[in-house]
Amino acid sequence: MDPTPTAPPALPPASGLSRAVISFLDGELREREALSLAAGLAADLETRCRDLDRSLAELRSRLEVNLVAYGSFSDRVHGSLGGVSAKFAELLSLVGAFYPLSGSTFRGRRILGEELPALAKEVARVETVRAYAETALKLDSLIGDVEEAVSSTLKRKHSFARSSEEVRMHAIRTLGEIEGVITQVSKLRPRWTHLVCAVDHRIDRALAILRPQAIADHRAFLSSLGWPPPLSTSTSANPDAGRLPAVPNPLLTMQGDLKRQYCENFLSLCHLQELQRKRRSRQLEGRNREIALHQPLWAIEELVNPVSLASERHFSKWIDKPEFVFALVFKITRDYVDSMDELLQPLVDEAMLAGYSCREEWIASMVSALSTYLAKEILPLYAGQLEEESVTGVRSKARTSWLHLIDLMISFDKQIRSLVANSGISFSLMDERNLQKLSSLSVFCDRPDWLELWAEIELSDTLDKLKADVDDERNWTKKVQGAVLMSGPEDYRSPLVSDFFLRRLSSVVDRSRSLPDIPLRSKFLKLVGAPTIQKFLDCLLVRCQEAEGLTALTDDSALIKVANSVNTARYVESVLREWCEDVFFIEMGLGQGDELGKSQAEEGDFDGTVYGTGSGVFDEEIRKLEEFRVEWVEKISVVVLRGFDVSSRDYMRNRKQWQEKSEEGSTVSRTLVDALDHLQGKMSIIEESLNGMDFVTVWRKVAEGVDQSITHGLLMSNMKFYNGGVERLSSDMEVLFGVFRAWCLRPEGFFPRLCEGLKLLRMGEKQVKDSLAGGLGWLKEEGISYLRVFEAEKIAKNRVFTS
């Protein structure tokens, strides 16, 4: 027989169902046809019930663990409070026993001096334990939420991207709350280091999962947007090719939910970086935090990396044509820089990432990608070619290629600076670290050997160009037009070659300005600028020595040649001094002073003038130029004096003329005329050829030499001066003073010994006798200070008086 069929379970009466159940059944089984879906609905409800039961069991398990932990903590607190109560009871009993015994104060002092402080210390310890336990429980609960959120994001499918982003943001906000608690603990409870270290360890593990996952999601989202855009419009190596239509920027073409999702994804990455920055700031407290804290913006790096990879496929075709590499990088950087300001900068500001400019970060990341490619592919290739050239001795295009590459890098950096300047950022206010990020020449910061190689090539090229300028004799005859500097209106009368030299040196200085690091600039100028100045100074020295060797500077053309060299040295020295007053040189001088451990301001130049700290780069070269100029100005003066001594020899030896009576109408002595003609002729040539400042030195030295020559050779000799001889000598000296009156108003002041000697000779007989008897005191009364006593006595004894 067939088994009796089991009756279906009876449905509960409608009155026993809740309103929620009745509403649910009405919604799901509204029509009769829906009854066929009842089995599936029941299975779905059973699955949900099992999931809820499982979640309930997990929550119950966690609750039991927390209750056990709390119970243990409560027992400890209860035990501590019990101990405190016992201490209070003992204290009350002791105090109660203390008051009836007014004569026994020892017990009271012991309570107040020992037991009360111990009790207070115990109460504080209990309070610290309580605060520690509460903080630890709070942090444990928060970290548990973070770990659960990180774990749940790993288990979710791609279709739940929206929920995954919300869970990640919740985890980041919770991490921020944890960081706030830890920061307070670090400031207020510095001894809780184990707690801080334990929390940091667990947070590091969570971030090790959270950050890579956030970056991976961001990369996937960018890829789905079509980033990077095609570079076909930028990769044509043919400048004559037709201009293709511009590729739309995916960041600006996003609309609706797609744009909202990207902004949320971008924001989560920024919030995560800001959280990491705060953690690093706390962990590096008391150290040089600025260097370690400022990292490139992660979200911008994720935009640049795929663009860089796509660009390198084109770069490999242009190893021999680097200008196309720079052109492509600049075009990409310029085409997408506006979207950084319009779309991404507001998001960075919303994430409160202080100190970040999306425009600057985009440009810096693109420049960094270019610098990395140059350092890996192009510069090592060029350096290898130069090394091969030095080994084989066969000149190739390697040096030209290297200099061409440097020109491209400098030009590219100028274009980049124009892009940054459009955002209102002033380069004068940027520190070296930011300047390095925005310069392709930053590759030399990590490779000083490449900087030395560049300096060697630059020096060789500069000296080759300078040699052509120096060898052209026409450049030594033509004068620089308007060679007047800011320091004064002096006419330096410098040959045209000095202008050519300063242009070469200025080009070297301008190229050094492109380097983003002050020590690099200083080193480059020391390797290129200083040898260039020294080489030019050597050329000046050779020309002067040749002129001196041929005629001992007695020939007018040789004298003019030396004067031109002195003018050149004076002009170059003055220009270098003005350059050294610029902030660019002052910064390098300060850096050099720090390295040497002393300030350059304490050092003086050749004539005692104290330089500023900015003269440190070319200080040695300026000193050598000044020494050269002083030496040859001295030689010019010596040549003039030597000629005067030769021409005036007969005048000095003629004893008879000082004993004769002066004739009426007589003028200058005939034997002195030749000497004065020689002196005036040479000085006229020098005045016409030499610059005004050095000419003043020359005529003053000549005046000093003539003063000494006549004083020692004539007045202090054994010649006897009669009345007529004194009148003749006075007349001759007035003519001599007249020669120098063309350059000063009172030439007598530059012949002090000669004038004082004439003063003694013009004295009467009684005055002379008094002077011989009065000694030093009488000389001071008469205003004679340059002649010493024995010199004055000798001159006075040479005076012969006749009746």
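Here are some exercises with worked solutions on a predicted model of a single protein chain.

**Exercise 1. The overall picture**

Find how many helices and strands the chain has, and what share of its residues is buried.

*Solution.* Start with the secondary structure: the chain holds 30 helices and zero strands. Next, turn to burial: of the 803 residues, 42% are buried. Then look at the contacts with a separation of 6 or more: 75% of them join residues 24 or more positions apart. Finish with the surface, where the chain exposes about 43,800 Å² and carbon and sulfur atoms supply 54% of that area.

**Exercise 2. Two salt bridges within helices**

For the pairs Arg-130 with Glu-134 and Lys-465 with Asp-461, work out how each pair is placed along its helix.

*Solution.* Let us begin with the general idea: side chains of opposite charge can pair when their charged atoms come close.

Step 1: check the distances. The closest N and O atoms of Arg-130 and Glu-134 are 2.7 Å apart. For Lys-465 and Asp-461, the N to O distance is 3.1 Å. Both values fit the cut-off of 4 Å for a salt bridge.

Step 2: place the residues. Arg-130 and Glu-134 sit four residues apart in helix H3 (residues 106-155), so about one helical turn separates them. Lys-465 and Asp-461 are likewise four residues apart, in helix H15 (residues 448-471), which again means a separation of about one helical turn.

Step 3: look at the exposure. Arg-130 is partly exposed, at a relative accessible area of 30%, and Glu-134 is partly exposed at 42%. In the other pair, Lys-465 is partly exposed at 39%, and Asp-461 is partly exposed at 23%.

**Exercise 3. A salt bridge between helices**

Decide whether Asp-694 and Arg-629 are buried or exposed, and find which helices their salt bridge links.

*Solution.* First, the pairing: the side chains of Asp-694 and Arg-629 form a salt bridge with an N to O distance of 3.0 Å. This pair connects distant parts of the chain, with Asp-694 in helix H25 (residues 692-715) and Arg-629 in helix H22 (residues 619-647), 65 residues apart.

Second, the accessibility: buried means under 20% relative accessible area. Asp-694 has 1%, so it counts as buried. Arg-629 has 7%, so it counts as buried too.

Third, widen the view. Asp-694 and Arg-629 belong to a network of salt bridges that also takes in Arg-570, Glu-573, Arg-577 and Glu-626. A search of the whole structure gives 49 salt bridges.

**Exercise 4. The nonpolar core**

Identify which residues touch the most other members of the largest nonpolar core, and which helix gives the most to this core.

*Solution.* The core has 203 residues, and the members touching the most others are Tyr-262, Trp-362, Trp-402 and Phe-444. Helix H11 (residues 358-392) gives the most to this core, with 15 residues.

Now zoom in on Trp-362. Leaving out residues up to four places away in sequence, its contacts include Trp-227, Ile-300, Leu-303, Tyr-336 and Met-340. As background, nonpolar side chains tend to be buried together in soluble globular proteins.

**Exercise 5. Two glutamates and backbone nitrogens**

For Glu-791 and Glu-361, find which backbone nitrogen each side chain approaches.

*Solution.* Take Glu-791 first. This residue is in helix H30 (residues 789-797) and, at 1% relative accessibility, counts as buried. A polar atom of the Glu-791 side chain lies 3.1 Å from the backbone nitrogen of Arg-788. Beyond residues up to four places away in sequence, Glu-791 touches His-712, Met-716, Arg-753 and Tyr-786. Its C-alpha atom is 9.0 Å from that of Gly-757, 34 residues apart along the chain.

Then take Glu-361, which is found in helix H11. Glu-361 is buried, with a relative accessible area of 3%. The side chain of Glu-361 reaches the backbone nitrogen of Leu-297 at 3.3 Å.

**Exercise 6. Cysteines**

State how many disulfides the structure contains, then classify Cys-445 and Cys-744 by accessibility.

*Solution.* Recall that a disulfide is a covalent bond between the sulfur atoms of two cysteines. Searching the whole structure finds zero disulfides. For the classification, Cys-445 is partly exposed at 25% relative accessibility, whereas Cys-744 is buried at 13%.

Conventions: Residues numbered from 1 in each chain as written. Predicted model: local features only at pLDDT ≥ 70, side-chain atom pairs only at ≥ 80, totals over all residues. Heavy atoms only, no water. Helix = DSSP H or I, 4+ residues; strand = E, 2+ residues; numbered from the N terminus. Buried < 20%, exposed > 50% of the residue type's maximum accessible area, 1.4 Å probe, protein only. Contact = heavy atoms within 4.5 Å. Areas by Shrake-Rupley, 256 points an atom, 1.4 Å probe, with all protein chains shown as cover. Disulfide = S-S within 2.5 Å. Core = buried A, V, L, I, M, F, W, Y, C linked by side-chain atoms within 4.5 Å. Polar contact = N/O pair within 3.5 Å; in protein donor to acceptor, adjacent residues only side chain to side chain.
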